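Q: Got a minute to go through a model with me? I'll throw quick questions at you as they come up.

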Amino acid sequence: MGASNDDINGTPSASAGSPGQVVTRFAPSPTGYLHIGGARTALFNWLWARHTGGKFLLRIEDTDRARSTQGAIDAILDGMKWLGLDWDGDEVYQFARASRHAEVAFDLLERGHAYKCFATAEELEEMRAQQRANKLPLRYDGRWRNRDPKEAPEGAPFVVRLKAETEGETTIDDIVQGQVTVRNSELDDMVLLRSDGTPTYMLAVVVDDHDMGVTHVIRGDDHLNNAFRQLGIIRAMGWPVPTYGHVPLIHGPDGAKLSKRHGALGVEAYRDEMGILPETLSNYLLRLGWGHGDEEIIDRARAVEIFDLAGIGRSPARTDQKKLENLNGHYIRAATDERLTDLVAPMVETRVGRELTEKDRDLLRRSMAVLKVRAKDLMELAEGATFLFRTRPLDIDDRAQALLSGEGASLLAATARALEPMEWSAEALESAVRGVSEEAGVGLGKVAQPLRAALTGRTTSPGIFDVLLLLGREESLARLADQATAA
């Protein structure tokens, strides 16, 4: 693979691209699942790198030791792999680079671009209280900016702060947001190193991006304000300024910021609870805030071919469950029966309470051509196939049971007699069932309803002749006989 943490020091590492090569990165914090907003950010970065022939890097920002967990790291890596977002080189773990971050902070100190601040927690709280009382912005007032550190008590703890520009303006030419300008007086002297010597997130991000050779920082627009503050470090160190692209966040269908009340937030929920295919989610996330004409169905190869940063919109995209379901139905129909069988078999086994045999799996595979035509997710596929593997006598649900009495029972008995001598082919089975409906003077549906109830235990299933063919003569006639005995 590529660079490890040890390879990334003060100069661009082996993970960095060659001169002129695009290098993007995805840098999640491992405090929970892979959020779909993060997955979309990763996708955009991955696509831009692949489209340009560049590199896509992965950095785990695990500096928050209290909240970072191995389980969350595993969930992120698993989600990335499931979505097919492979990264170049080894993933970089930010916490392991703390000494390098501190090195840069002290370098800034020596250059006069940073200073030691000995303000106590009590002093800072008093400062903020006065600012609140005077309705002023809450920001550090620079009280140690120009003081001699010798004025502090010997051995007093201190933080290292960046000496930010105070005059003029800072402008970012953002590839998504356009030109954005902030007055430097609005930016305070942020902390680079805490009093215990640990680096802050703001410092670590800048150092890591530089050392990894990142050329394009594509991330959520909630980081736009951070970019102005991080630029202070970049310029003070004399490093190249990356190209920024701050992407609007994803909103729910009601236009509010995406939250748990809007449904699934983590990639694993789309996979494990909603039965969404990875190619579906990739296509769906791509179209959330990015467009290319009227194209809606965009597979991975096509996405790599046409993706550009100019297609990212400035307005927040809204989730659309119906569009997700329609996309998933498309990709399910396009999937091979073998692949769908592998995905659905464990779900069927859970439903029937036993392991499927090789014969069962072959039957499941043969059923896919029929079942996938209407299914919008893998759960529906599994539910639709379960009747094939239920143990006789079937458990008949209440709605199906209602179809197996009175006229339904009579029609079922007549159908069973008609099917008994028939050749087990689609044409012969249809001829026999139609014959029953004509003799009884009722529509075909009137015969099919109790027949479906008896064969599947439910009121919905694939077409009734498909059901008969999949179950086969012996099983079909046995299930019909069970209901005749029960009646």
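Q: What does G53 do just after helix 1?
A: G53 takes a positive phi of about 75° there. Helix 1 covers residues 36-52, with helices being DSSP runs (H or I, at least four residues) and strands likewise (E, at least two), numbered from the N terminus. Bear in mind that this is a predicted model, where local features need pLDDT of at least 70, side-chain atom pairs count only at pLDDT 80 or more, and totals for chains, interfaces and linings use all residues. Residues are numbered from 1 along each chain as its sequence is written, and side-chain values use heavy atoms, with hydrogens and water left out.

Q: How far does helix 1 reach?
A: Its 17 residues reach 24 Å from first C-alpha to last, close to the 24 Å expected at 1.5 Å a residue (1.5 Å times one less than the number of residues).

Q: And why is helix 1 largely enclosed?
A: Because 14 of its 17 residues are buried (under 20% relative accessible area, with exposed over 50% and partly exposed in between, using a 1.4 Å probe and protein chains only).

Q: Switching to pockets: how much space is in the largest pocket?
A: About 930 Å³. A pocket here is an open set of points on a 1 Å grid over the protein atoms alone, where a 1.4 Å probe fits, with protein on both sides within 12 Å along at least five of seven lines; lining residues have an atom within 4 Å of a point. The volume is the space filled by probe spheres set on the points.

Q: Which residues lie nearest its centre?
A: Of the 30 lining residues, S29, H35, G38, D222 and H223 do. Helix 1 gives the largest share of the lining, four residues.

Q: What about the second largest pocket, what's its volume?
A: About 380 Å³. It is lined by 16 residues, and E380, G384, T460, S461 and P462 are the closest to its centre. Helix 13 supplies the largest share there, four residues.

Q: OK, aromatics. How many pairs turn up?
A: Four in the whole structure (ring centres within 6.5 Å; planes under 30 degrees apart are stacked, over 60 edge-to-face, the rest tilted). F118 and F158 make a tilted one, 5.5 Å centre to centre with 55° between the planes. That pair links distant parts of the chain, 40 residues apart.

Q: Is F118 buried or exposed?
A: F118 counts as buried, at 12% relative accessibility, while F158 is partly exposed at 25%.

Q: What lies over the face of F158?
A: K116, at 4.6 Å from the ring centre (the cut-off is NZ of Lys or CZ of Arg within 6 Å of the centre and within 35 degrees of the ring normal).

Definitions and conventions:
Phe/Tyr/Trp six-rings, centres within 6.5 Å; stacked < 30°, edge-to-face > 60°.
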